[in-house]
Amino acid sequence: QVQLVESGGGLVQAGGSLRLSCAASARIFSINVMGWYRQGPGKQRELVATISNGGDTNNADSVKGRFTISRDNAKNLVYLQMNSLKPEDTAVYYCYAKYWSGYKFVEDWGQGTQVTVSS
């Protein structure tokens, strides 16, 4: 199991920026996909952005042009740079990892970090 610990959440005004970090307990170069999901009040968990171990990224339409996902394999960190934040971005943000265990794919999640955007 890969332990994932998020940090960087907080309260910010609309139009502001935050950078989330996710620290993984394993060497992330071996993790096929890492990413961020979020769950807003009364909503289902949804994809925000993912990045493969080859560096290919996938962003939700709602965050394209505003959020950027990146990874530092040497430090076992994944980042989510969030700019031009909107009140609708308010949610708990979860770090995600998908990797091959040797005989099956495994998905792990962090505990989440709260992001609140005030209008």
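**Exercise 1. Find how many disulfides the structure holds, and describe the bonding, handedness and placement.**

Step 1. Searching the whole structure for disulfides (cysteine sulfur atoms within 2.5 Å) gives one. The model is predicted: local features need pLDDT of at least 70, side-chain atom pairs count only at pLDDT 80 or more, and totals for chains, interfaces and linings use all residues. Residues are numbered from 1 along each chain as its sequence is written, and side-chain values use heavy atoms, with hydrogens and water left out.

Step 2. The partners are C22 and C95, with sulfur atoms 2.0 Å apart.

Step 3. The torsion about the S-S bond of C22 and C95 is about -85 degrees, so this disulfide is left-handed.

Step 4. C22 lies in strand 3 and C95 in strand 9, 73 residues apart, so the bond links distant parts of the chain (strands are DSSP runs of E, at least two residues, numbered from the N terminus).

Step 5. C22 has 0% relative accessibility and therefore counts as buried; C95, at 0%, is also buried. Buried means under 20% relative accessible area, exposed over 50%, and partly exposed in between (1.4 Å probe, protein chains only).

**Exercise 2. State which residues touch the most other members of the largest nonpolar core, and which strands supply it.**

Step 1. A nonpolar core is a set of buried Ala, Val, Leu, Ile, Met, Phe, Trp, Tyr and Cys residues joined through side-chain atoms within 4.5 Å. The largest one has 29 residues, and M34, W36, L80, M82 and Y93 touch the most other members.

Step 2. Strands that each supply at least two core residues include strand 3 (18-24), strand 4 (33-39), strand 8 (77-82) and strand 9 (91-100). Strand 9 gives the most, five residues.

Step 3. Take M82 and set aside its neighbours within four places in sequence: M82 is in contact (heavy atoms within 4.5 Å) with G16, S17, L18, L20, R66, F67, Y93 and V115.

**Exercise 3. Classify the ring pair of Y37 and W109, and list the charges that sit over rings.**

Step 1. Four aromatic pairs are found in the whole structure. Rings of Phe, Tyr and Trp (its six-membered ring) pair if their centres lie within 6.5 Å; planes under 30 degrees apart are stacked, over 60 edge-to-face, and the rest tilted.

Step 2. The centres of Y37 and W109 are 5.1 Å apart with planes at 70 degrees, so the pair is edge-to-face. Y37 is in strand 4 and W109 in strand 10 (residues 105-109), 72 residues apart.

Step 3. Ring pairs join Y37, Y96 and W109 into a cluster. W109, at 33% relative accessibility, is partly exposed.

Step 4. A charge sits over a ring if NZ of Lys or CZ of Arg is within 6 Å of the ring centre and within 35 degrees of the ring normal. R45 has its charged end over Y94, 3.8 Å from the ring centre, and K98 has its charged end over F105, 5.1 Å from the ring centre.

Terms used:
Helices (H or I, at least four residues) and strands (E, at least two) are DSSP runs, numbered from the N terminus.
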